[in-house]
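Colleague: I am new to this structure and would like a close look at a single part of it. Could you take one helix as the starting point and then follow its surroundings outward in one connected account?

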Amino acid sequence: MTGTGTETGTGREGNTGTGGSDGFGVLTDEAIERSRRRLGIPVPQRNPPHNYEVTRDGTRHFAFGYGDDNPLYCDPEYGKKTRWGSLLAPPTFLYTMGEDAAPQPDPQTKALLRGDPFAGLGSYQAVMEFEWWRPLRLGDRCRVLETQVGVRPRRSSFGGRSAHVVRDYLYADGHGEPHALRRGTWINAERHTSKERAKERLVQEPYTADQLHVIDAAYAAETRRGAEPRHWEDVEIGEELQPRVKGPLTTTDVVVWHLGWGMQLTPPGVFGIAARIRRKAPGLYPPNPLNIPDTVQRLHWEPERARELGLPNPYDYGGMRETWLCHLLTDWMGDDGWLWQLRCEHRRFNYLGDTTWVRGTVVDKRWTDGRGEVHVEVRCENQRGEVTTPGTAVVLLPTRDRPVEPPAPPASDLEGMVAHELARFAVTGQREQHRQRR
């Protein structure tokens, strides 16, 4: 596992869990225990959402940022004619939304949440899982409740120790009903072990005219199911989804992605606005070669910063590839289908200059609880034939006599969802410990 994400452990405040100045960047039992005490505690959001509500501009900018001009996400008049009766937000648009649903913490909770137990470590997104229960329509607002539901110590694949931290982001629509779950696993690895990546060699040759022609031909061949229903009865196991191509990835692509996605980690704003944030959280703005403080996220577009961290080149975000996988699936299923679940693992970096082929294969179809489920294995594969992100998805399709109804969430409100997730993680943790003992 190589992971993907933003290097977040440099110079954060509150490094009491990593052993003091001599132990900075070393994972300790104290840090793990401090992280464990946060389980189930709502975490206030540091930044306002990029979008407070679903708008035709917001969804269009987001969709264009990953190369999708689906009118269901871009044209309100088109949306009115669909079974949803409205323009919809793309599935991962939830990244851009979420007014804070956490209660105001008391002094004890504030102390518990202060700082990062794993400051000084490299933090890399390894797994992301989604489950969607209701759409976000034009004009909808959205609330989010973040909480940590698990932490497990592991041995790093590069030697040394790591901690796998699982965080839930639970979203409710404008009516307070659960919209979706985003469950992420981040690997916090000791910095001296993550520097082993410096040994990785990246060979990127200039693209030939023939190679670019193949990519452009794939773009030209892309089709979208759209308003024509894809019926569950017609799907066959072994069926290949029409692939999507993303690349060759450029700095411009990352910039345009940020226009729709927002900044996520670094608060929005530049110059004086950024300076105010920097005074509170200087670790988010490490100096560049000219000693100018600049966002920690610049390793996604600045080669010098990436190489300082032992990486041969800037790379994408996990959220980009998750969204590319959704693009593959939503184009295939059409307007009347419902993307219910997606799980993916980010195993390799996707560097600037790489081309990603997004592919899927139907591996099962089931009739469960009155739903026509289609199970799909998906993957992102680069031009070197390496699978950077494998995953699985469940799509619900209409039958010839029954439309799709999105499934009900496990609980009716965000607080109930937190309890459900803590219980689920406890069970899966016990199963994993049992497997390891065997």
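Modeller: I will begin with Val256, which counts as partly exposed because its relative accessibility is 34%, a value that falls between the 20% under which a residue is buried and the 50% over which a residue is exposed. Please keep in mind throughout that this is a predicted model. Val256 has its place in helix H8, which covers residues 251-261, and together with Val255 and Leu259 it forms a nonpolar patch on the surface, the three residues having about 260 Å² of accessible area together.

Trp257, also in helix H8, is a different matter from the side of burial: with a relative accessible area of 0%, Trp257 is buried. Its ring takes part in one of the aromatic pairs, of which a search of the whole structure finds twelve. The partner is Phe62, and because the two ring centres are 5.6 Å apart while the planes stand at 45 degrees, the pair of Phe62 and Trp257 is described as tilted. This pair links distant parts of the chain, since Phe62 belongs to helix H2 (residues 56-65) and Trp257 to helix H8, with their positions 195 residues apart. Phe62 is buried as well, with a relative accessible area of 1%. Both rings belong to one aromatic cluster, whose other members are Tyr66, Phe93, Tyr95, Phe130, Trp132, Trp261 and Tyr317.

On the side of helix H8 that comes before it in sequence, the loop between strand E7 (244-246) and H8 holds Pro248. Pro248 is joined to Gly247 by a cis peptide bond, with omega at about -5 degrees. On the side that follows, the loop between H8 and helix H9 (272-280) holds Phe271, which has a positive phi of about 55 degrees although it is not a glycine. Both features deserve a second look, because most residues other than glycine have a negative phi, and most peptide bonds are trans. Phe271 counts as exposed, at 73% relative accessibility. A further positive phi, near 65 degrees, is found at Asn291, again a residue other than glycine; Asn291 has its place in the loop between H9 and helix H10 (303-308) and is exposed, with a relative accessible area of 61%.

The surroundings can also be followed through charged side chains, and a search of the whole structure finds 30 salt bridges. In one of them the side chains of Arg224 and Asp69 meet, with N and O 2.5 Å apart. This salt bridge links distant parts of the chain, as Arg224 lies in the loop between helix H7 (209-221) and E7, whereas Asp69 lies in the loop between H2 and helix H3 (71-74), 155 residues apart. Helix H2, which bounds the loop of Asp69, is also the helix that carries Phe62, the aromatic partner of Trp257. Arg224 itself is partly exposed, with a relative accessible area of 32%.

Another salt bridge joins Asp316 and Arg321, at 2.9 Å from N to O. Asp316 is buried, with a relative accessible area of 0%, and Arg321 likewise counts as buried at 0% relative accessibility. Further along the chain, Glu386 forms a salt bridge with Arg348, and here the closest N and O atoms are 3.7 Å apart. Glu386 sits in the loop between strand E10 (371-382) and strand E11 (387-396), while Arg348 sits in the loop between strand E8 (338-345) and strand E9 (356-368), so that this pair too links distant parts of the chain, 38 residues apart. Glu386 is partly exposed at a relative accessible area of 25%, and Arg348 is partly exposed at 39%.

Salt bridges also join into a network, which links Glu129, Asp168, Arg183, Arg343, Glu345, Arg347, Glu421 and Arg424. Asp168, in strand E5 (residues 161-172), counts as buried at 0% relative accessibility. Leaving aside neighbours within four places in sequence, its contacts include Leu145, Glu146, Arg183 and Glu421.

As a setting for this part, the chain has twelve helices and eleven strands, and 53% of its 438 residues count as buried. Among contacts with a separation of 6 or more, 74% are between residues 24 or more positions apart.

Definitions and conventions
Residues numbered from 1 in each chain as written. Predicted model: local features only at pLDDT ≥ 70, side-chain atom pairs only at ≥ 80, totals over all residues. Heavy atoms only, no water. Patch = residues over 30% accessible without salt bridge, like charges linked within 9 Å, V, L, I, M, F, W, Y side chains within 5 Å. Areas by Shrake-Rupley, 256 points an atom, 1.4 Å probe, with all protein chains shown as cover. Salt bridge = Lys/Arg side-chain N within 4 Å of Asp/Glu carboxyl O. Helix = DSSP H or I, 4+ residues; strand = E, 2+ residues; numbered from the N terminus. Buried < 20%, exposed > 50% of the residue type's maximum accessible area, 1.4 Å probe, protein only. Phe/Tyr/Trp six-rings, centres within 6.5 Å; stacked < 30°, edge-to-face > 60°. Contact = heavy atoms within 4.5 Å.
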